[in-house]
Amino acid sequence: MDERQLIPDLYRKEYGKMVTVLCSRFGIAYMDIAEDIVSDTFLSAAETWGLKGVPSSPVSWLYAVARNNALNCLKHDRIFQRQVKKDLTMDGEKCFEMDIDLSPKNIIDSQLQMMFAICHPSISVEAQVSLALRVLCGFSIDEIAQALLTTKSNINKRLFRAKEKLRLEEVMIAVPDSREIGVRLDTVLICLYLLFNEGYYSASPDKVLRRDFCLEAMRLTYLLIGNASTSMPRVHALMALMCFQASRFDARVNDKGELVLYEDQDIRRWDEELIQRGNDFFIRAIHDDEVSKYHLEAAIAWWHTHPVEEGEKWENILRLYNQRLILEYSPVAALNRAYAFYRVYGRERAIVEAKALQLSGNLFYHSLLGELYIDVDNEQARQHFTQALELAGSPAERAVLEKKIEGLK
Amino acid sequence: MKEFALIFRIDGNAVASAGEVTPAQMQERMTYWTNWMGGIAARDRLSSSGHRLGIRESKTIASGNVVTDGPYTEVKEFINGYVIIKAQSVDEAVEMAKGCPILFAEGGKVEVRPLVAPDDNN
């Protein structure tokens with residue numbers, strides 16, 4: 001492996017694991033200290049490896065140094081507590097003697113616990129996503145800001161406030177007990193779903209980074225599946241949904257980086273293996289009577305993995321969107337329902353449905369209406385596409401809309 | 001935004017004299033209903049998807065604990081379900097009720113009734 005790429009790669013893979021283990025050991029209030037220790041560890045690696053060469057097992061080296069730094073920190077903290085506070089209430093002796101456990105099992109356990117701590121209802125879901133990207137997935141502030149189309153300083157502020165809130169709320173780093181787990185798991189799933197969508201739908205041009213977001217969301221969902229108390233049908237349904245969506249990851253962007261709409265995709269570029277994995281997860285999702293929004297969305301995504309218009313594909317997709325919305329409102333689902341309505345009942349009836357949504361100012365609302373008005377009223381189509389163009393954030397989105405306007409004659 | 005119950009009424013006599021419903025008709029009815037409710041939900045105006053109310057095993061209890069079968073001994077029409085929606089005004093609620101598939105049934109009616117909030121005095 002290229003040595004210059006070694007440390008960035010290790011950072012991406014190991015930063016989150018190490019911070020998570022240290023933080024679960026120290027408590028949520030010391031997340032910054034855990035991050036500092038791990039950052040220092042990578043700094044030492046860069047210095048030492050440059051001089052003495054890369055050790056035979058770089059990961060073990062990192063873990064050993066992080067462990068030592070953490071124990072030193074705990075020792076100092078113990079001394080600090082004893083000298084300054086006098087009344088040592090934190091079980092200091094125990095703290096000092098306990099090891100920092102970086103075994104694979106404890107890494108997984110800590111990540112599961114941390115997922116619940118981060119996805120705490122006391123902080124906004126945007127803050128949860130940013131924290132998860134930073135602490136659980138080890139993305140840099142730069143990368144997070146780029147993918148979420150905002151500034152580094154915004155992300156830093158968001159993370160700072162979120163950590164402060166978690167500290168004030170004295171959030172436990174633990175998997176909630178059986179009484180609480182249902183509700184808390186829903187918050188975690190919403191965060192993972194959003195994390196996936198940030199990768200899948202982000203207007204960021206960095207395709208590799210966006211794919212990494214999706215893969216991380218799937219990895220974390222898979223951790224929930226591997227744990228008995230969190231392996232519920234709706235978790236399998238979410239995983240199936242992610243597999244079905246991710247199967248089109250390559251097909252929806254062409255070699256020039258332009259977005260390719262579903263109808264125009266080359267189905268040979270759909271990932272059959274991911275579709276099959278999605279099917280397997282979906283079968284396990286429908287064991288119970290439970291029907292969550294993830295079940296309905298996974299079923300919709302399943303229909304989308306069928307290129308041929310067979311077995312009343314769009315009738316089924318429309319029915320599922322109806323059920324999805326009756327269960328819980330979502331503007332994205334409402335817009336997609338209107339598109340499915342068009343595929344079943346034609347443009348004129350779909351225009352009535354779409355306009356009733358009153359989502360003026362929403363990029364997808366205007367591009368949908370533009371699409372529906374084609375050949376019904378091209379002047380209206382042009383107006384809506386133009387409005388969408390003004391709202392579009394990325395060159396890829398603008399290119400699609402410009403092509404649509406050109407096609408209106 | 002106010003909440004309104006849309007209460008579906010159908011004609012008891014028409015139901016009694018209606019023939020068998022074919023599976024295709026049944027599916028068509030279901031499609032009408034999910035499209036109508038999905039349309040309301042797509043506007044974020046569905047408060048509760050309510051319930052359908054059955055006829056079999058239903059009884060009516062009158063004062064003096066007089067129990068009679070079904071809801072239909074003394075009434076020609078009966079309630080067969082309800083949903084709760086959000087609307088700016090009763091007029092808007094009426095507009096939303098106009099697409100309800102119960103209106104395709106013989107004698108089908110939708111009753112629009114405001115939910116009484118705790119601070120409503122009238």
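Contact here means heavy atoms within 4.5 Å. The legends below describe a predicted model.

**Figure 1. Surroundings of E14(A) in helix α1 of chain A.** Leaving aside neighbours within four places in sequence, E14(A) is in contact with F42(A), V59(A) and Y63(A). The helix that holds E14(A) covers residues 3-26. With a relative accessible area of 6%, E14(A) is buried, because the cut-off for that class is under 20%.

**Figure 2. Packing around A66(A) in helix α3 of chain A.** Helix α3 runs over residues 58-85. A66(A) has a relative accessibility of 1% and therefore counts as buried. When residues up to four places away in sequence are not counted, A66(A) touches M18(A), I37(A) and T41(A). One of these partners, I37(A), is 29 residues from A66(A) along the chain, and the C-alpha atoms of the two are separated by 6.5 Å.

**Figure 3. Positive phi at Q358(A) in a loop of chain A.** The loop that holds Q358(A) lies between α16 (347-355) and α17 (363-373). Phi of Q358(A) is near 50°, although the residue is not glycine. Most residues other than glycine have a negative phi. Q358(A) counts as exposed, at 62% relative accessibility, because the cut-off for exposure is over 50%.

**Figure 4. Positive phi at D375(A) in the loop between α17 and α18 of chain A.** Helix α18, at one end of this loop, covers residues 378-391. D375(A) is a residue other than glycine, and its phi is positive, near 70°. The relative accessible area of D375(A) is 66%, so the residue is exposed.

**Figure 5. Nonpolar surface patch on chain B.** Y32(B), L103(B) and F104(B) make a nonpolar patch of about 310 Å² on the surface. Y32(B) is placed in helix α2 of chain B, which covers residues 23-42. With a relative accessible area of 38%, Y32(B) is partly exposed, because that value falls between the limits of under 20% for buried and over 50% for exposed. For chain B, the pLDDT averages 88, and 94% of the residues score at least 70.

**Figure 6. Interface of chain B and chain A.** In this view, 13 residues of chain B are in contact with 13 residues of chain A. The size of an interface is often given as the accessible area lost when the parts come together. For chain B and chain A the buried area is about 1,000 Å², with 59% of it on carbon and sulfur atoms. The rule finds zero salt bridges across this interface. The scores of the model are ipTM 0.89 and pTM 0.88.

**Figure 7. Chain A as the setting for the views of E14(A), A66(A), Q358(A) and D375(A).** Chain A has 19 helices and zero strands, and its C-alpha trace spans about 80 × 50 × 40 Å along the principal axes. Of the 409 residues in chain A, 48% are buried. Chain A exposes about 20,200 Å², of which carbon and sulfur atoms supply 53%. Among contacts in chain A between residues at least 6 apart in sequence, 64% join residues at least 24 apart.

Key: Residues numbered from 1 in each chain as written. Chains lettered and ligands numbered in written order. Predicted model: local features only at pLDDT ≥ 70, side-chain atom pairs only at ≥ 80, totals over all residues. Heavy atoms only, no water. pLDDT = per-residue confidence, 0-100. Helix = DSSP H or I, 4+ residues; strand = E, 2+ residues; numbered from the N terminus. Buried < 20%, exposed > 50% of the residue type's maximum accessible area, 1.4 Å probe, protein only. Patch = residues over 30% accessible without salt bridge, like charges linked within 9 Å, V, L, I, M, F, W, Y side chains within 5 Å. Areas by Shrake-Rupley, 256 points an atom, 1.4 Å probe, with all protein chains shown as cover. Salt bridge = Lys/Arg side-chain N within 4 Å of Asp/Glu carboxyl O. Buried area = accessible area lost by both parts, 1.4 Å probe.
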